[in-house]
Amino acid sequence: MIALIPAYEPAEHLPTLVTALAAADPGLGIVVVDDGSGPAYASIFARAAAAGATILRHDRNLGKGAALKTGLAHVHGVAPSEGVVSADADGQHTCADIVAVADRVRALGERDGRTLVLGCRTFDGAVPLRSRLGNDISRRLFRAAAGWPLSDTQTGLRGFPAALVPWLIGLPGERFEYEQRMLLGLHGAGFTAEEIPIATVYLAGNESSHFRPVLDSVRVTLPTLVFAASSLLGFAVDTIALFLLQAATGALVPSIIAARLVSASVNFFVNRRVVFLRRGREGMWRQLGSYVLLAAVLLASNIVWLSYLTGIGMSLWGAKLLTEIVLFCTSYRTQRSSVFAPAYRAGGISRTAVADSSPHTAC
């Protein structure tokens, strides 16, 4: 098992954490990625190395996502059978919680090597307002988009089984948005997740964090917004095509069919490649067949609704809007849960309490 710590301009806490981890779990390898911190922080990384960490370096700051992928690629190259637990360098994760997540990955690996273990904060007590609000907003957006609940979407304490590492290395994203893409694409890639509770820790008002409330909140939530809004793209393409075709031909039903063929083709490829991050050819024909079947059902429903509503005197604009509202939820949920679901369907999230009698809680 390897502990992976991405670090950019870390405080003195970093070598202390490495020392504590090495003492608490001698079997835990430790990799620290210096994400372009510069010469001013060389002594801190030197002390972390002296405490037992392997130091990897970026010549310039590339972002947390890039640092995580550098560390994951290193682990996969030198120890491909090892799981990884990632933790932040700013003191938000206690030694006890890091070891607890690592232990859970080890335990699950004996029977289930496809579960991402998430150390989730409870946000009790004196939590900075920006962190409390940021988590609450992203948690609600995430549940609406992904279809499964997660209590802490921004946690950096995550345990990865070895089987998850190759997928993580190829996942898009270089900065804070990388971790959100990881969660959004998890079930679609055939993996599942489990939460364990961890302490909510903020040192000196969380001053050591490099999370920028405005810019990085946009980066974190952007993949979620893309995920949720992708079906609206199909609506826009379908609406524009329908009005152009209907104006040119005057035939409603043929225009509906042609517009839906255009929008369905666009929607399928956007959803597959951008939203659900299914880039390879694996499963494409199964997904395409499922999508065609769904599109046929929705097309029939669309024709029935539009014909009826325009037949009773409603304008085409109004009929189109009402029809799409009715069919939107069905289309979106079916694509997420069935069309782009992998052959191996990952289960929902589970929550596992960490026993207070853990032998590592004293570190």
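This report describes strand pairing, one loop residue, cysteines, salt bridges and a nonpolar surface patch in a predicted model.

Local features are reported at pLDDT of at least 70 and side-chain atom pairs only at pLDDT 80 or more, while totals for chains, interfaces and linings use all residues. Residues are numbered from 1 along each chain as its sequence is written, and side-chain values use heavy atoms, with hydrogens and water left out.

**Parallel strands and crossovers**

Helices (DSSP runs of H or I, at least four residues) and strands (runs of E, at least two) are numbered from the N terminus. Two strands count as paired if DSSP finds at least two bridges between them. Strand 1 (2–7) and strand 2 run parallel and share 6 bridges. One of the contacts joins Pro 6 to its bridge partner Val 33 in strand 2. On strand 2, parallel pairing with strand 3 (residues 54–58) extends over 5 bridges, and Val 32 has Ile 55 of strand 3 as its bridge partner.

The connections between these strands are helical. A right-handed β-α-β unit is formed by strand 1, helix 1 and strand 2, and another right-handed unit by strand 2, helix 2 (residues 42–50) and strand 3. Right-handed here means that, with the strands pointing away from the viewer, the path from the first strand over the helix to the second runs clockwise.

Accessible areas come from the Shrake-Rupley method with a 1.4 Å probe, and for residues only the protein chains shown count as cover. A residue is buried under 20% relative accessible area, exposed over 50%, and partly exposed in between. By this scale strand 2 (residues 29–35) is mostly covered, with 6 of its 7 residues buried.

**Glu 9**

Glu 9 sits in the loop that connects strand 1 with helix 1 (13–24). Its phi is near 50°, a positive value in a residue other than glycine. Most residues other than glycine have a negative phi. With a relative accessibility of 29%, Glu 9 is partly exposed.

**Cysteines**

A disulfide is a pair of cysteine sulfur atoms within 2.5 Å, and the count by this rule is 0. Cys 95 is buried at a relative accessible area of 8%, and Cys 120 is buried at 3%.

**Salt bridges**

A salt bridge is a side-chain nitrogen of Lys or Arg within 4 Å of a carboxyl oxygen of Asp or Glu. The structure holds 9 of them, including the three pairs below.

| Pair | Closest N and O atoms |
|---|---|
| Glu 174 and Lys 69 | 3.2 Å apart |
| Asp 103 and Arg 106 | 2.7 Å apart |
| Arg 121 and Asp 152 | 2.7 Å apart |

Glu 174 forms its salt bridge with Lys 69. Glu 174 lies in the loop between helix 6 (165–169) and helix 7 (177–186) and Lys 69 in helix 3 (residues 64–78), so the pair ties together parts that are 105 residues apart in sequence. Glu 174 is partly exposed at 39% relative accessibility, whereas Lys 69 is buried at 12%.

Arg 121 forms its salt bridge with Asp 152. This pair links distant parts of the chain, with Arg 121 in strand 5 (residues 115–121) and Asp 152 in the loop between helix 5 and strand 6 (158–160), 31 residues apart. Both Arg 121 and Asp 152 are buried. Elsewhere, Asp 25, Asp 103 and Arg 106 are joined into one network by salt bridges that share partners.

Within that network, Asp 103 and Arg 106 are 3 residues apart in helix 4 (residues 95–109), a separation of about one helical turn. Asp 103 is partly exposed at 25% relative accessibility, and Arg 106 is partly exposed at 30%.

**Arg 140**

Arg 140 belongs to helix 5 (residues 129–146) and is exposed at 55% relative accessibility. Arg 140 and Thr 153 are 13 residues apart in sequence, with a C-alpha to C-alpha separation of 9.5 Å in space.

**Nonpolar patch**

Patches are made of residues with over 30% relative accessible area and no salt bridge; like charges are joined within 9 Å, and nonpolar side chains (Val, Leu, Ile, Met, Phe, Trp, Tyr) within 5 Å. Val 304, Trp 305, Tyr 308, Ile 312, Met 314, Leu 322 and Val 326 make a nonpolar surface patch of about 640 Å². Helix 10 (284–311) and helix 11 (316–339) each supply at least two of the patch residues, and the largest share, 3 residues, comes from helix 10. Val 304 is in helix 10 and is exposed, at a relative accessible area of 55%.

Terms used. Buried means under 20% relative accessible area, exposed over 50%, partly exposed in between (1.4 Å probe, protein chains only).
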